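Grab a pencil and work through a few exercises on charged pairs and a surface patch. Each task comes with a solution that goes step by step.

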Amino acid sequence: MEDKQSIRGLNFSRTIYCGLLRPEHEGQDVTLCGWVQRLRDMGNLIFVDLRDREGITQIVFSPERPDLLEAAKKLRPEFVVSVKGLVRKRGPRAVNKEMDTGEVEIEAKEMRLLNVSKVPPFQVADPVQASEDLRMKYRYIDLRRPSKQRAIKLRHEAALRTRNYLSGRGFLEIETPFLAKSTPEGARDYLVPSRIHKGRFYALPQSPQTFKQTLMISGFDRYFQIVRCFRDEDLRSERQPEFTQIDIEMSFADREDIFSLVDGMLAAIFDVIGEKIGLPIPRLTYRESMERYGTDKPDLRIKAELTDLTAEASGLQSEIIRKVLASGGVLKGLRVPQAAGLSRSQLDKLGEKAQELGAKGIIWLKKQNGFKSALKLEEAEARTIWEKSTARDEDLVLLVADRREVALPVLGFFRKELLQSQAGKDFAFTWVTDFPLFEWSAEEKKIVSVHHPFTSPLAEDIPLLESEPLRVRARAYDVVCNGYEIGGGSIRIHDFELQRRIFGLLGLSEKETEEKFGYFLEALGYGTPPHGGIAMGFDRIVMLLAREESIREVIAFPKTTSALCLLTGSPSQVSEKQLDELGLKLKK
């Protein structure tokens, strides 16, 4: 194709990115390389918007170069070109204030068509007019959009800030294995069959937990890694089967050391977008967070808090409330501002949702020509609840009478669901501390670790381990931003006997303990220093920085919510020969 070499001999190495041109470059000859965004044919003038990762610049092809003008007329969206030209200022009436480069344009002197493009399945523009499945199938085109280019660049800058911050504080970046031992605690492992050792499997790590603790035993007292991890679990908007975390571990450290380190690191990362974090990041205990917000991941941009109405409930005549209290339950309330206008059908839907979440239902109370409620209440009873909830005439009060562990999260859900509009665009951080060490698993019918089995209990709670394990608090902590847990960690168990004791409480036999963690337990016996650490969800952090709703938007090649890669077609079938080499046979 002659047009592909329309101007022969042109050196098409760029001298500047399109999006970086400014009025101070006026009069300079520049070479730009990029993709055609759009073309406007005015007959004797052609205007081409050329796009690269930094932005868009307008190129002008004039009749003074008829060969160039004719070549430009044949350009189409997503053709790849190199253009050499003169930077000139636009006239006052031609300035485009919507573009960073809107005060300048390029007078084309030479052009080379580097490649053509088929008609793309959707336009490269924001907001995108395409389904998510189509975008994921043609991810390489989706990634050309300005918002995606910014997100991936932001991810790079956040990783660079992280590395520089931690390196400046004496941390060493150390890689740990991807082919590891399966330890089926928590989420499911991704298994990798061994060809050499048939019938045996590696597992892709859910976390480098035992490796980084082993590094502490090895004397590398400050470790970090920006590492890929893998979990075969159900997906949500903030989860992927493979994800990235900032993994940190340090010896001779307590919680305060971790808090101080991470506070500073988050301040450095969020400074990438010019956001200043108020330090130190405030703290809540797990119990405080649940009582006040109904969740251990509170969005503190929402100012509403739950109200404990259990004392007031003791004076109510309602048989329903009395039964709940008699069985050790509570009455909790939530004031929903400006929600008195919700219809009866809308309120019924709230009740249905409460039942889905495990409650018996929800009680609503509002003030319209007197009090109206889903529960029969005397005027004085309704007024007591109304005043304790600090409600106003235009508000709605939602009540849940149930066990504490049911009532709090149900109202926590409605707090987030109904009051999200109050959240605003700020960033609100908090540490949540003193989590329970164990919780009861109804599915497994035994106690399981809330975080992981290497978490140290609070010293004052160790005497309760055998007698009242569910009352034992952990030296664990999460850092939360805008309702998302962006990091979680703990001070670890460094005592051999205590670690073995915890494994026993979790129902692991001596044989199971040896099979799963024998090498690690043995290592603990060789002079393990006190240590602790944290894993930060890097994808979630970048999602917040980019103000996106899903981590898929800040990962170059994500999976769908059903763990598919539509771009490559994985997971895919493999040949019988490959299965034979691995000593595997598929069940039908």
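**Exercise 1.** Take Glu291 in this predicted model. Is Glu291 buried or exposed, and which residue does Glu291 pair with in a salt bridge?

*Solution.* Start with the cover. Glu291 has a relative accessibility of 19%, and buried means under 20%, so Glu291 counts as buried. Next, look for the partner: Lys332 forms a salt bridge with Glu291, and their closest N and O atoms are 2.6 Å apart. This pair links distant parts of the chain, since Lys332 sits in strand β13 (residues 330-336) and Glu291 in helix α7 (residues 286-293), 41 residues apart. Finally, check Lys332: its relative accessibility is 1%, so Lys332 counts as buried.

**Exercise 2.** Find the salt bridge between Lys353 and Glu356. How many residues apart are the two in helix α10?

*Solution.* First, locate them: both belong to helix α10 (residues 344-356). They are three residues apart, which means about one helical turn separates them. Now the contact itself: their side chains meet at 3.4 Å, N to O. A salt bridge needs a distance within 4 Å, so this pair makes the cut. Last, the surroundings: Lys353 is partly exposed at 29% relative accessibility, whereas Glu356 is exposed at 61%.

**Exercise 3.** Sort Asp271 and Lys276 by how exposed they are.

*Solution.* You'll need one cut-off: exposed means over 50% relative accessible area. Lys276 has 67%, so Lys276 counts as exposed. Asp271 has 28%, so Asp271 counts as partly exposed. The side chains of these two meet in a salt bridge, at 2.6 Å from N to O.

**Exercise 4.** Which residues are linked with Arg139 in a network of salt bridges?

*Solution.* Begin with the background: side chains of opposite charge can pair when their charged atoms come close. Then follow the links. Along with Arg139, the network takes in the basic residues Arg135, Arg145 and Lys148. On the acidic side you'll find Asp126, Asp142, Glu548 and Glu553. To put that in context, the structure holds 53 salt bridges.

**Exercise 5.** Where does Phe557 lie, and which patch does Phe557 help to make?

*Solution.* Place the residue first: Phe557 is in the loop between α15 (538-545) and α16 (576-582). Then check its cover: at 48% relative accessibility, Phe557 counts as partly exposed. Now add its companions. Together with Tyr140 and Leu567, Phe557 makes a nonpolar surface patch of about 290 Å².

How values were computed
Residues numbered from 1 in each chain as written. Predicted model: local features only at pLDDT ≥ 70, side-chain atom pairs only at ≥ 80, totals over all residues. Heavy atoms only, no water. Buried < 20%, exposed > 50% of the residue type's maximum accessible area, 1.4 Å probe, protein only. Helix = DSSP H or I, 4+ residues; strand = E, 2+ residues; numbered from the N terminus. Patch = residues over 30% accessible without salt bridge, like charges linked within 9 Å, V, L, I, M, F, W, Y side chains within 5 Å. Areas by Shrake-Rupley, 256 points an atom, 1.4 Å probe, with all protein chains shown as cover.
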